[in-house]
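Trainee: Please pick one part of this model and go through it closely. After that, tell me how the rest of the chain is built around that choice.

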Amino acid sequence: MSAGETGARAEIHHAHRDVNGGWLRPSVFGAMDGLVSNFALIAGVAGGAAGTKVIVLAGMAGLAAGAFSMAGGEYVSVASQRELAMAEIDIERRELQRNPESEQEELAKLYESRGVDPDLAAEVARQISRDPEKALEVHTLAELGVTLDDLPSPKTAAISSFLSFGVGAVLPLLPYLLGVTSLVSSAVISCVALFGAGALVSRVTARSWWYSGLRQLAVGVVAAALTFGLGHLLGGGGLG
């Protein structure tokens with residue numbers, strides 16, 4: 001068996017977590033944003049002694065406004081990021097066409113800086129540079145940290161943010177939609193969801209699930225308590 005075949009069949013005996021988070025990160029954080037903001041909004045309106053219809057109206061308005069805002073903001077942000085990356089990739093492509101020798105030398109120096117022997121680095125750079133598309137892929141990954149295949153989709157980001165925010169925002173509103181008129185029920189559901197979402201975030205962080213869950217729970221409870229207090233101060237009411 002040749003060395004190449006051995007390398008091709010080599011197995012990886014360890015695994016890393018997805019440090020980029022994939023779509024787990026934006027989805028979970030979108031849901032937590034919707035959950036915290038609508039929980040706080042509902043608590044504030046309930047604190048002002050508003051009736052159930054007003055609370056439901058405010059909750060639905062908060063859900064719709066937040067979801068559309070998140071989707072629009074995410075679309076523009078990701079589209080701008082993608083356009084910038086594409087522009088920089090085009091610059092790199094033109095440089096590879098105009099100055100292939102200097103780009104090959106640049107690639108060799110990059111490998112040298114990472115501990116590869118100069119002769120081997122030069123040979124690796126030469127072999128990679130024989131294929132313009134492969135050379136472009138290596139250069140853009142090394143210099144920009146992106147690849148053409150991994151550029152995010154604005155539409156996917158917008159849809160993901162819209163749906164995740166909506167799911168989070170509907171949870172504190174759910175008891176009122178089912179006819180329960182007490183903020184306590186909304187608070188219980190919201191607190192459970194906050195802890196669960198925080199625990200899920202631990203999959204893309206170095207924190208333990210219970211720490212992430214408790215931290216997110218604390219953030220949501222503080223936000224809702226402050227908003228409830230403000231609503232009570234301005235409206236003069238109770239839990240309803």
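**A pocket and the helices of the chain**

Mentor: The second largest pocket has a volume of about 190 Å³. A pocket here is an open set of points on a 1 Å grid over the protein atoms alone, where a 1.4 Å probe fits and protein lies on both sides within 12 Å along at least five of seven lines. Its volume is the space filled by probe spheres set on the points. The model is predicted, with local features needing pLDDT of at least 70 and side-chain atom pairs pLDDT 80 or more, while totals for chains, interfaces and linings use all residues. Numbering starts from 1 along each chain as its sequence is written, and side-chain values use heavy atoms, without hydrogens or water.

The lining (residues with an atom within 4 Å of a point) consists of R93, L96, Q97, P100, Q104, S129, P132, E133, A135 and L136. Three helices (DSSP runs of H or I, at least four residues) each give at least two of these residues: α3 (52–98), α4 (100–113) and α6 (132–144). Helix α6 has the largest share of the lining, with four residues.

Helix α4 also holds L107. L107 counts as buried (under 20% relative accessible area, 1.4 Å probe, protein chains only) because its relative accessibility is 1%. Beyond its neighbours within four places in sequence, L107 is in contact (heavy atoms within 4.5 Å) with A125, I128, V138 and H139. From L107 to A121 the C-alpha distance is 8.1 Å, at a sequence separation of 14 residues.

At the other end of α3, the loop between α2 (24–47) and α3 contains A49. The phi of A49 is near 65°, a positive value in a residue that is not glycine. Since its relative accessibility is 45%, A49 counts as partly exposed, a class that lies between buried and exposed (over 50%).

The chain as a whole has ten helices and zero strands, in the order α-α-α-α-α-α-α-α-α-α. Of its 240 residues, 33% are buried. Among contacts with a separation of 6 or more, 72% join residues 24 or more positions apart.

Later in the sequence comes α7 (residues 154–170), with 17 residues; its end C-alpha atoms are 24 Å apart, which agrees with the 24 Å it should span at 1.5 Å a residue. That expected span is 1.5 Å times one less than the number of residues. The buried residues of α7 are P154, A157, A158, S160, S161, S164, F165, G166, G168 and A169.

Helix α9 (residues 183–201) has 19 residues and reaches 26 Å from first to last C-alpha, close to the expected 27 Å. At its start, a side-chain oxygen of S182 comes to within 3.1 Å of the backbone nitrogen of V184. Buried positions in α9 are L183, S186, S190, A193, L194, A197, G198, A199 and V201.

A199 also has a distance to a residue of another helix: its C-alpha atom is 8.0 Å from that of L214, 15 residues away along the chain. L214 belongs to α10 (residues 209–235). With 45% relative accessibility, L214 counts as partly exposed, whereas A199 is among the buried residues of α9.

Definitions and conventions. Helix = DSSP H or I, 4+ residues; strand = E, 2+ residues; numbered from the N terminus. Polar contact = N/O pair within 3.5 Å; in protein donor to acceptor, adjacent residues only side chain to side chain.
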